[in-house]
Amino acid sequence: MAIVNSLDQPDITMLIKNHWYAIEFGSVVADKPVAVAVHGHDLVLWRSKDGTVNAQSDLCVHRGGSLAGGTVISNCVQCPYHGWMYDSSGMCVSIPANREGLAIPKKARVDTYPCIERYGFVWVFLGDLAEDQRPPMPELEGLDLALDAKADGYRAVEGDFDWVANYDRVLENAVDISHTPFVHAGSFGNPDEPEIADFEIEELTIGDHLAVVTASVDLHPPVPSGIWAVIGKNKERKPVTTTTGFYPPNVSMLIVRLPLGEIRIFTAAVPRDESHTTSKFIMLRTFFTGGWADKDSIRRTLKIFNEDQPTVESQRPELLPFDLSAELHVKSDGIQLAYRRWRQAQLDKGWGLPTPTDEQARRSAAVIASPARISDPELANAWVFPTVEEMDT
Ligand code: FES
Ligand SMILES: [Fe+2]
């Protein structure tokens with residue numbers, strides 16, 4: 001189905017290539033290949049013997065089989081259709097139907113993307129830039145320490161939430177401060193005090209690259225209910241200092257400093273296709289750090305997403321406009337504007353790749369170009385499937 005957009009906007013959504021995307025939890029990738037759809041492309045994740053995670057195009061070059069339906073064997077991923085085996089560089093090292101001595105064709109290889117497991121997430125570099133030209137991976141403040149089993153003070157839980165919405169809209173919602181009193185009136189928002197004090201936007205760059213954008217504001221908590229009313233009885237209701245922001249391209253962060261302790265939620269908005277997104281969150285808390293409270297932490301985090309869902313899924317146009325003047329912005333929208341400017345800057349560099357529609361994805365086998373397509377001249381003609389750029393020109 002074509003997506004709705006304003007009349008003067010292109011009817012497409014763009015993957016910003018040449019960035020590190022958090023696309024899955026490391027804990028999900030064990031001894032079997034895992035399928036992950038990103039921006040209309042099927043990827044497969046699998047773990048080598050030494051524990052490193054590999055990210056490859058989930059498209060066997062023989063007959064387009066899905067490697068994710070296969071197995072991990074002899075430090076390779078094996079296609080379930082005719083058993084071709086690909087190593088961690090993407091090279092096919094075994095074609096079982098070939099009699100001994102027959103050479104494996106040079107073109108028997110799949111696109112392989114740089115992949116790092118850190119902060120509990122699997123990060124994949126979607127693009128073809130050489131290593132020394134790549135933007136740095138985001139550094140998620142405090143998360144390394146918190147996920148270290150030896151570190152005291154934090155307890156972490158993780159979870160998923162699926163949206164029928166475009167990823168730009170989902171990411172913007174995660175950093176939107178002024179919707180809290182309205183959309184979250186049933187939890188932490190206070191509809192009686194919706195005014196947002198002026199806040200500073202802090203932008204940190206590393207080299208030429210925007211690393212993180214954050215802002216902190218004091219939000220007025222609602223009158224507590226249930227157990228919170230008992231705990232907070234007779235206590236003065238002080239404003240709750242809340243920090244929100246994003247690490248380009250796809251991770252948002254929320255820190256809420258409650259009287260009881262701190263909550264940090266890091267959320268990777270994984271773009272499945274132009275109209276589906278999965279939020280993968282790691283939520284940390286410094287209070288009630290026993291395992292007994294984990295379920296409740298996940299439930300409370302999902303409640304926030306559930307509150308957002310009807311609003312985000314009904315936004316029109318479904319795609320974020322490219323033109324800043326296509327929607328009206330006010331002062332409290334500063335972080336979303338920083339995101340839109342960042343996105344525009346990437347598009348200006350020529351780093352936008354059109355996301356295939358469902359139909360295009362089913363009918364073609366265009367892949368995101370991996371670094372080996374550029375860096376290894378010997379492999380210039382060693383690819384079976386075209387890249388998205390080649391399809392587009
Ligand atoms: S389709 Fe993968 S081995 Fe034939
Ligand atoms: Fe929200």
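## A walk through a predicted two-domain protein

The protein in this predicted model has nine helices and 20 strands. Its chain of 393 residues has a radius of gyration of 23 Å, which agrees with the value near 21 Å that a compact globule of this length would have. Along the principal axes, the C-alpha trace spans about 80 × 50 × 40 Å. Of the 393 residues, 38% count as buried. If we take the contacts between residues with a separation of 6 or more along the chain, 61% of them are made by residues 24 or more positions apart.

We can next divide the chain into its domains. The domain assignment gives domain 1, covering residues 24–127, and domain 2, covering residues 143–347, and the C-alpha centres of these two domains lie 34 Å apart. Domain 1 and domain 2 are in contact, and this contact takes eight residues from domain 1 and twelve residues from domain 2. On the side of domain 1 that touches domain 2, five of the residues are nonpolar and three are polar, while no charged residue is found there.

Where two helices meet, there is a simple way to describe the arrangement. Two packed helices are described by the angle between their axes and by the distance between those axes. For helix 2, which covers residues 167–175, and helix 6, the axes come within 8 Å and cross at roughly 145°, and the crossing is right-handed. In this contact, Leu-171, Glu-172 and Val-175 of helix 2 meet Ile-335, Gln-336 and Tyr-339 of helix 6. The residues of the contact divide into four nonpolar, one polar and one charged.

The loops between the helices and strands also deserve a careful look, beginning with two cis peptide bonds. One of them joins Pro-248 and Pro-249, with omega at about 5°, and Pro-249 is found in the loop between strand 16 (240–247) and strand 17 (251–258). Another cis peptide bond runs from Arg-316 to Pro-317, with omega near -5°. Pro-317 has its place in the loop that lies between helix 5 (294–313) and helix 6 (334–348), and that helix 6 is the one whose axis comes within 8 Å of the axis of helix 2.

Two further loop residues have a positive phi. His-39, although it is not a glycine, has a phi of about 50°, and this residue sits in the loop between strand 3 (34–38) and strand 4 (41–47). Because His-39 has 26 C-beta neighbours inside 10 Å, it counts as buried. Asn-75, also a residue other than glycine, has a positive phi near 65°, and its place is in the loop between strand 6 (71–73) and strand 7 (76–78). With 15 other C-beta atoms within 10 Å, Asn-75 is partly exposed.

A last loop residue to find in the model is Val-223, in the loop between strand 15 (209–219) and helix 4 (226–231). Val-223 has 10 C-beta neighbours inside 10 Å and therefore counts as exposed. The C-alpha atom of Val-223 is separated by 9.7 Å from that of Gly-189, although these two residues are 34 residues apart along the chain.

Note on methods. Residues numbered from 1 in each chain as written. Chains lettered and ligands numbered in written order. Predicted model: local features only at pLDDT ≥ 70, side-chain atom pairs only at ≥ 80, totals over all residues. Helix = DSSP H or I, 4+ residues; strand = E, 2+ residues; numbered from the N terminus. Rg over C-alpha atoms; globule rule 2.2 N^0.38 Å. Buried ≥ 20, exposed ≤ 12 C-beta atoms within 10 Å, placed from the backbone. Contact = placed C-beta atoms within 7 Å. Domains from an automatic or database assignment. Nonpolar A, V, L, I, M, F, W, Y, C, P; charged D, E, K, R; others polar. Axes fitted to C-alpha atoms, helices over the stretch in contact; angles between N-to-C directions. Left-handed = near helix turned anticlockwise from the far one by under 90°.
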